[in-house]
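Reader: I want to learn how to read a fold from its parts. Can we go through it feature by feature?

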Amino acid sequence: MTTITDKRVVVATLFLPYTVDFELQDKKKRAFNSSPSEPTSPAANTTTKDTHLVTNLIQSLAKHQEPTKRDQIFDFTKPEQFVQPRSKQQRQEEIRKLAPLLSVIPSSSRRPSIDSAQVFADAPWSAKPCSGGNIGLNNALFSIQDQLPNLAWVGTLGMPTDPLSEKTKHEIHATFKDQYHCYTVMPSDNVFDGHYNQYCKQVLWPYFHYVVQDDPKNMMSQGGPYKTYKALNQQFADTIVENYQEGDIIWVNDYHLLLVPGMIREKIPNAVIGFFLHIPFPSSELFRCLPPRKEILEAMLQSDVIGFQTYSFARHFLQTCSRILSVDSTPSGIQLDTHYCSVGIQPIGIDITSLHKKISDPTVSQWVTKLKEKYPDKKLIVARDKLDYIKGVRQKLLAFEQFLIRHPEWRGEVVLIQIALSTSEHNELRAHISDVVSRVNSKFSNISYQPIVFLHQDISFSQYLALLTCADACLLTPLRDGMNLTSHEYIVCQKETHNPLILSEFTGTYGSFGASVRVNPWDYRQVGDAIHEALSMSSEEKSDRWNELYKCIEKNSAQHFASNMITRLSKIHTSPGHRFPVKMPQLNATILDEACKSSTKRLFLFDYGGTLIPHGKRAESQDLNRVLELLEKLSDDPHNSVYVISGRTKANLETDLGSLPNLGLSAENGFYIKPKGEDWQQVYDNVDLSWKPAVKEIFQYYTERTPGAYIESKDTSIVWHYRSLEGPDSQFVSWQAAECQNHIADSVNKNFAVHAIAGNTTIEVIPHDITKSSIANRILQETTPDFVLAIGDDRSDEDMFNFLKKQKDLKVINCTVGTRSTEANYSIPNVDSVLSTLELLCTL
């Protein structure tokens with residue numbers, strides 16, 4: 001099989017795909033629990049006569065919470081419990097939850113916990129696959145592992161590490177590196193708790209899912225939890241840098257590690273860095289509420305490629321960067337002064353082949369049979385969600401209630417089976433959901449029928465697949481979600497029956513699943529009617545919808561997601577538009593002397609403002625006289641053709657430079673041209689200028705509200721000038737400029753064939769077809785040179801640089817003024833250095 005890349009791929013994710021399981025004596029095992037990402041399991045029941053066997057207070061209290069009744073759909077079996085130490089925060093939380101039961105336990109039963117380094121110092125341990133973490137990412141990468149000869153991981157173990165001795169930590173580091181190609185990050189328990197349980201889960205997760213909440217504990221501030229968030233990101237970056245090998249492809253994942261790309265870039269400027277966000281990116285109105293908003297965005301933008309699940313998530317990110325950072329963005333990326341950051345859309349999927357194998361397991365068939373026996377002649381609606389506010393479980397149950405009220409013919413015929421998974425987020429949903437379940441069941445139940453089966457416990461994967469296979473409809477109604485892979489798994493499980501999928505329009509999945517039954521989860525009546533539609537749907541319509549959905553799943557598989565992201569990153573070094581943030585060589589006399597002496601027909605192309613005269617200013621008489629003198633000497637040489645290509649009007653250029661008979665001029669970025677010895681000519685015909693009133697209205701709005709701003713109208717463009725000098729209102733002016741640029745992008749760029757060019761103190765809106773590359777092409781055809789020197793200072797010159805460097809059999813030197821990301825191959829520090837270069841050219 002063909003390899004995707006021969007480079008090493010280093011994947012950074014908060015939780016490694018492996019963790020550690022300790023082997024302790026039986027009497028000590030009860031003092032420990034599983035991974036911190038998993039809920040603590042109740043201890044086994046003990047009789048009151050055996051209280052002397054209870055090892056500690058937590059276990060004693062836990063036995064009183066053991067449920068006495070369980071729904072008998074499934075005979076639940078506890079998943080494998082890893083023996084791992086607990087953090088201090090976990091123990092305190094357990095005591096807090098069980099405090100009301102303290103009086104029940106005899107004092108003689110209470111013994112202290114023994115989570116200590118001494119217990120684990122010599123305890124045998126083994127590496128086990130981790131059931132937590134980013135399962136979708138892990139499955140995607142493991143599905144193409146045979147195409148990646150060198151895959152490495154960076155992450156935490158998903159468990160507290162403070163109780164471990166240095167010897168044990170060293171052994172784990174070494175074993176995971178040598179045997180599993182994993183570089184372990186072991187933060188202190190306080191750092192991990194502040195990073196994950198506080199900042200990630202109580203700040204970033206809600207805001208990225210459009211949940212605005214009070215902040216009584218000051219979680220959002222840049223002190224406290226954010227410091228621990230930053231500290232853990234730095235540990236990840238340090239681990240990656242320490243183990244970096246030349247040519248590595250670094251792929252950072254998800255909102256836990258937003259700062260890592262910037263931290264890596266500081267230490268390894270030329271590293272290839274990709275970042276993928278697996279959850280939604282919110283609109284700028286929400287993201288701007290976060291105090292460290294600029295720091296987060298700037299760190300993310302140090303990536304070469306940033307991936308999102310959907311177009312809307314990518315669009316929100318680009319708009320947020322434009323508003324907060326005032327950067328020059330396009331639908332495909334963001335141009336920075338140091339490099340180009342590409343923004344792409346790569347929806348994650350599932351491994352269909354692997355899932356088919358799991359579905360064919362005999363255990364799944366057995367559970368399918370049991371479900372059909374338990375619910376004969378009943379329509380089953382199934383769902384599995386985390387018990388998290390954004391998953392919309394309560395809203396779903398309320399909608400199901402509306403369904404039973406508005407469609408009484410289905411009462412006694414339909415059962416909703418809702419699996420609710422516990423999460424680490426703090427929420428009060430369980431009580432609210434229980435109220436709805438009790439109300440609906442009491443209202444519509446009878447001796448042989450219960451409309452809602454609510455299971456607040458996960459089930460085995462084979463049971464889960466059996467449920468999806470038996471379902472007459474799947475009801476997924478998150479209030480906000482990324483790629484909901486349950487929907488993918490449901491479609492695969494329905495290969496024989498083709499039953500419909502009811503899907504919230506607020507999931508990232510819906511952008512690809514147009515054949516699903518779309519609902520607004522807040523409109524309970526609509527969801528109820530959608531359930532009725534799904535259960536009443538004809539076999540032909542079911543089949544048509546299923547076929548469309550299955551095509552989408554095949555197209556956006558797990559393999560496609562992982563290979564596409566890695567392929568994009570592997571091509572960074574060879575992509576035409578990529579600029580590396582490295583120090584660019586300066587143009588010097590030796591280079592120019594060699595190029596000029598080996599040529600007989602030379603072409604010089606110069607920008608005007610910011611290149612020959614200071615940017616944004618009218619030339620003083622003394623400065624202009626020097627420019628005129630140098631351009632005259634250079635253009636009088638019969639071996640030279642000299643053009644000044646500017647964004648200024650032809651009247652401005654004529655006033656400043658029109659006195660030189662051998663100098664060629666081009667105004668308004670190439671719309672007009674004046675060849676040497678000729679009059680002004682219009683290059684383009686039939687240019688659409690219908691956009692001008694809309695742009696002028698927007699510019700006028702911001703001019704009235706921005707000190708020192710003014711509008712300049714040209715024949716083919718409109719320019720908004722604003723000052724960016726330091727002053728009491730400089731920050732406000734910069735903010736207004738960013739708002740104006742974002743307004744233009746949202747209102748005008750979508751409806752007209754124009755683009756906005758952001759200068760140092762200007763925003764210019766100009767038709768797409770008018771570029772300096774087009775006029776440079778015309779000049780090349782008319783002059784047929786054997787050597788070209790092009791010098792410019794802003795984004796409008798990049799098109800010209802890119803065009804010129806593609807010319808074959810032609811010596812080209814592209815030079816930018818200042819230090820920034822560019823297509824040019826040389827740089828000149830400032831305007832004075834440009835004029836010194838012209839003086840040198842006059843002597844060659």
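Author: Start with a sheet; note that this is a predicted model. Strands of a sheet pair through backbone hydrogen bonds, either parallel or antiparallel. Here four strands form an open sheet in the order S23-S24-S26-S25, and the pairing is antiparallel.

Reader: Which are the edge strands?

Author: Strand S23 (710-713) and strand S25 (754-758), since each pairs on one side only. From one strand to the next, the twist averages 20°.

Reader: How many bridges join S23 to strand S24?

Author: Four, with S24 covering residues 718-721. Within this pair, Glu-712 stands opposite Val-719 of S24.

Reader: Which helix lies across S23, S24 and strand S26?

Author: Helix H25 (residues 692-705) does. H25 runs at about 10° to S24.

Reader: Now a helix on its own. What span should the 13 residues of helix H19 have?

Author: At 1.5 Å a residue, H19 (residues 524-536) should span 18 Å. Its end C-alpha atoms are 18 Å apart, which agrees.

Reader: Which residues of H19 are buried?

Author: Val-527, Gly-528, Ala-530, Ile-531, Ala-534 and Leu-535. They cover an arc of only 155° around the axis, so they sit on the same side of H19. The general idea: an α-helix has 3.6 residues a turn, so residues three or four places apart point the same way.

Reader: And cores? Which residues touch the most other members of the largest nonpolar core?

Author: In soluble globular proteins, nonpolar side chains tend to be buried together. In this core of 115 residues, the answer is Phe-22, Leu-141, Phe-176 and Trp-251. Phe-22 touches residues including Val-83, Phe-120, Trp-125 and Met-159. A second, separate core has 65 residues, among them Ala-152, Leu-259, Phe-287 and Cys-341.

Key:
Residues numbered from 1 in each chain as written. Predicted model: local features only at pLDDT ≥ 70, side-chain atom pairs only at ≥ 80, totals over all residues. Heavy atoms only, no water. Core = buried A, V, L, I, M, F, W, Y, C linked by side-chain atoms within 4.5 Å. Buried < 20%, exposed > 50% of the residue type's maximum accessible area, 1.4 Å probe, protein only. Contact = heavy atoms within 4.5 Å. Helix = DSSP H or I, 4+ residues; strand = E, 2+ residues; numbered from the N terminus. Expected span 1.5 Å × (residues − 1). Arc of directions from axis to C-beta. Pairing = 2+ DSSP bridges. Axes fitted to C-alpha atoms, helices over the stretch in contact; angles between N-to-C directions.
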